[in-house]
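Me: I have a structure to work through. Let us take its terms one at a time.

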Amino acid sequence: MTGTDDRGLAAVVEKPETGAAIERLRAEGVYDDDRAVRAFDADTVAVPVTEPPETEVVRVVRQVGEPRVRGLDDHLRERGWTDEETERAPASWAVLGSVVLVDVEDTPRPGEVGEALLALHGSADTVLARRGIDGPHREPDVEVIAGAGDTETVHTEHGTRYAMDLSRVMFSPGNKAERTRMGEVVAAGERVVDMFAGIGYFTLPMARAGADVTAIERNPDAFRYLLENVRLNDVEGRVQPYRADCRDVLERLDGGTDVTADRVVMGHYDAHEYLDSALGALEHGGVVHLHEATPEPLVFDRPVERLRAAAGERDREVDVLATRRVKTYSEGVAHVVVDARVS
Ligand code: SAM
């Protein structure tokens, strides 16, 4: 493709490669956020770009006469939705690989919302309505509302690839910044314990940054994807996975000559119940990341007090390094994380 008129340019890529291609184009600085990804033909999609990319793609095309960016509202109006109905349509959703995840509570005709979301996101082939996440294993309750119904996908985020089945394991779009941050705070060669590893939410970015991670997960479905994701991200040499209760694994580490950790990640809302195990594994001067679902009036006092109390039991001191809000957990309750050095 030559010429100086770059309006409407798109990079055509194979459908299964869409997520990875968008990451590469974004990294190259040519991905055009202001325009939508659209189906190109049966096997490929057109990813909008601001100039011809250096990244290898099937080909570059100019989408002549491309209409202005259309939103969900436009697609719903086309389906006969009134203004009043359109106001009750979802305001946000997440595109995870080939799956769109959306909350449709209080929304009329969820199936039509699903069809409209598929029209909006050419790279997606399934829309899942999210009903909630339950139990100690954090299992999702979802329903296919449009498309092929294939709930297994690979989602790429800052170069980290997450394979998962969204009908069996959770993935919190709202934790994206925290996943990225974990890959940034860690130094190469650090020994990390990820006590609630899931499919590798934090383990993978940390291992990709060069850390040696002990990743513990007791839910067999999540663990299967953790193993797959370790391979997919080429970090087999840096991740030691355990399918177990983290307390059992850390008891073996505590006081033994085995591994002790420079950093412990506690990505679970009930993590405070596991503080004693975490501190038992933590090297003096090591850092703990304690997550909690905290009622607003108790942000950040409660997690910090819990941390100090657990450290006090072991005659150790807590130096709070940072406190962060990750996302809203529910009305009046925040998902927070406290980073602290324990010496
Ligand atoms: N950190 C994740 C994120 O950012 O989305 C959330 C992980 S999810 C909330 C917590 C995970 O911990 C689940 O996969 C659950 O199966 C696992 N889990 C819960 N209790 C556990 C335990 N005692 N030992 C090991 N894994 C556990």
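Reply: Start with a pocket. On a 1 Å grid over the protein atoms alone, a pocket is an open set of points with protein on both sides within 12 Å along at least five of seven lines. A molecule sits in a pocket if more than half of its atoms lie within 2 Å of its grid points. Here the ligand takes up the space of the largest pocket. This is a predicted model: local features need pLDDT of at least 70, side-chain atom pairs count only at pLDDT 80 or more, and totals for chains, interfaces and linings use all residues. Residues are numbered from 1 along each chain as its sequence is written, and side-chain values use heavy atoms, leaving out hydrogens and water.

Me: What makes a residue part of the ligand's surroundings?

Reply: One of its heavy atoms must lie within 4 Å of the ligand. There are 19 residues around the ligand, and N175, Y201, E217, C246 and Y274 are the closest.

Me: Why is the ligand said to lie between two domains?

Reply: Domain bounds come from an automatic or database domain assignment. Domain 2 (93–150) and domain 3 (171–342) both give residues to the shell, so the ligand lies between them.

Me: What makes the pair of C246 and the ligand a polar contact?

Reply: A polar contact is a pair of N or O atoms within 3.5 Å; within protein, one must be able to donate a hydrogen and the other to accept it, and residues adjacent in sequence count only if both atoms are side-chain atoms. A polar backbone atom of C246 is 2.9 Å from a ligand nitrogen, so the pair is within the limit. For G267, a backbone N or O atom lies 3.4 Å from a nitrogen of the ligand.

Key: On a 1 Å grid over the protein atoms alone, a cavity is a set of points where a 1.4 Å probe fits but cannot get out, and a pocket is an open set with protein on both sides within 12 Å along at least five of seven lines; lining residues have an atom within 4 Å of a point.
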